[in-house]
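Please look over the fold below. The report that follows covers a sheet, a helix pair and two residues.

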Amino acid sequence: MSCSTFINQKFKVEAFKVLGNRIMYLWKYCLILLHLIVAIAARAQGDLYKSDDNIYELSPSNFDKVIQKTNYTSLVKFYAPWCGYCKQLEPAYHKLAKLIHNDGQYAINVASVNCDEDKNKELCAKYKISGFPTLMVFRPPKYDSKKKNKVYSHAVEPYKGERSLKSMYAFVTSRIKNYVKKFANLQSDGLKDWLMEDRENNKVLLLTESKQISPLYKSLAIDFINTLKFGMVNVKSLKDVNNFKIEINDKKIVLPIDQDDKLPILLNFDEKTQEFSRFESEKLTDKVKLSEWLIESNNVQPLEGPLSKKDKKYYSNYRKGIKGKKVVHDEL
C-alpha cells in the first residue's frame, strides 16, 4: 500500500467518525427537542380533568374544603399532564368517577391535583408526592356531632394496587365509613333496643339477603348521619319469617311486609307514631329517589350528598370549577 493510499483511507475513516458523531449529536438533539415539544404540548393542555363534572380538579384554594370538610372518603390522583403513565390512567379514572359519583352516588369524592401547576407544588410537596401518578385515599375520622370545627383530620393512605377500574373501585368503596348497624334477625333483642334508643332520630331498616352492607346503603347513612339512624337485617327468605311483628314496650308493631314480597325491602320507623312505612319500589338503586323518600318521610335534610345544601352551595360548583358560592348502581 502506497503512502498516499494509506493517508486517503485514514482520512475517510476520520471523516466517517466525524460524520457519525454529528449524526449522533443531531439525533440526541432531536430527541431532546421532541421531549420538549411533548412537554410543552402537555402543559398547554392544562388540567386533565377540568371538563369532567364527576372529578374535582383541586388546588390549595379548595383542597381542604372538598377533602377535609366532609364525612366522605376521597380518592385523589396527583399527576403531571406530560406524564405518560398519567395519560394511560386517564380513561379508567374518568370511568371510575362516573361509576362512583354519577351512577352510584356513593359517599366518595374523586379528585385530582395537577402537580405541574406552580400554585399546586406546595400542596404536592405537603403529601410527599415524588412520582406520577400517585393515588391517595383520604378517610374521615368518626363523626362527632358536637365537634364545632368541621375540618376533620383525615387519615391518608396510598393506593398501591392495580390501576384497573375494577381494582380501584373495589378498594375505594371498601374505605367508605360505616354507620350501619347489623342485626341477626327481626326478633333480635338488639334490634328492639336499637329501635327504642335515641328517640329524637327516626330509624331506617333494610331487610336483605345480602350479608354485606352495600356502598350505597353506607352512603345514605353518611348523608343523613346527623338526622337518621340506619340498620340492616340479613333475611334469607321472607317465607322463613313466621311473624312480621316487632314487640316494643309491650306493643306489637306490624311490619308492612307480605311473604310474597321480594327482598330487599327498605323500611322507615317513625319514633313518634311508632309505625313503619315502606319504600314502594323493588329497585333500591337510585340514591336520589331514596333520599327524596327519606326527606319526605322524616321531614329532615341530609348533611351531605346530591340533595344537601352543602352540595348545592359548594360542591357542585367545585366539580364544575366555579369559584364562587353561587347557590344553584349498586342495589341496597
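Helices (H or I, at least four residues) and strands (E, at least two) are DSSP runs, numbered from the N terminus. By that numbering, Tyr 179 sits in the loop between H5 and strand S6 (180-183). The model is predicted.

**The sheet**

Five strands form an open sheet. Their order is S1-S3-S2-S4-S5, and the pairing is mixed. Strand S1 (56-58) and strand S5 (155-158) are the edge strands; each pairs on one side only. From one strand to the next, the twist averages 30°.

At the S5 edge, the partner is strand S4 (residues 134-139). S4 and S5 run in the antiparallel sense and share 4 bridges. Arg 139 stands opposite Ala 155 in S5.

**The helix pair**

Two packed helices are described by the angle between their axes and the distance between the axes. Here the pair is helix H3 (residues 84-104) and helix H5 (residues 165-173). Their axes come within 10 Å and cross at roughly 45°. H3 is therefore oblique to H5. The crossing is right-handed.

Which residues of H3 and H5 meet? From H3 come Leu 89, Ala 92, Lys 95, Leu 96, Leu 99 and Ile 100. From H5 come Leu 165, Met 168, Tyr 169 and Val 172. By class, this contact has 9 nonpolar residues, no polar ones and 1 charged residue.

**Two residues**

The table sets out place and accessibility for Tyr 179 and Asn 109.

| Residue | Place | Relative accessible area |
|---|---|---|
| Tyr 179 | loop between H5 and strand S6 (180-183) | 23%, partly exposed |
| Asn 109 | strand S3 (residues 108-114) | 1%, buried |

Is Asn 109 buried or exposed? Buried means under 20% relative accessible area. Asn 109 has 1%, so Asn 109 is buried. Not counting residues up to four places away in sequence, Asn 109 touches Tyr 56, Val 66, Thr 70, Tyr 72, Thr 73, Ser 74, Leu 75 and Tyr 315. Of these, Tyr 56 belongs to edge strand S1 (56-58).

Tyr 179 has a relative accessible area of 23%, so Tyr 179 counts as partly exposed. With the same sequence neighbours left out, Tyr 179 touches Pro 141, Lys 142, Tyr 143, Ala 221, Ile 222, Ile 225 and Phe 230. How far apart are Tyr 179 and Ile 225 in sequence and in space? They are 46 residues apart in sequence, and 7.8 Å apart in space, C-alpha to C-alpha.

Methods: Residues numbered from 1 in each chain as written. Predicted model: local features only at pLDDT ≥ 70, side-chain atom pairs only at ≥ 80, totals over all residues. Heavy atoms only, no water. Pairing = 2+ DSSP bridges. Axes fitted to C-alpha atoms, helices over the stretch in contact; angles between N-to-C directions. Parallel < 35°, antiparallel > 145°, perpendicular 65-115°, else oblique. Left-handed = near helix turned anticlockwise from the far one by under 90°. Contact = heavy atoms within 4.5 Å. Nonpolar A, V, L, I, M, F, W, Y, C, P; charged D, E, K, R; others polar. Buried < 20%, exposed > 50% of the residue type's maximum accessible area, 1.4 Å probe, protein only.
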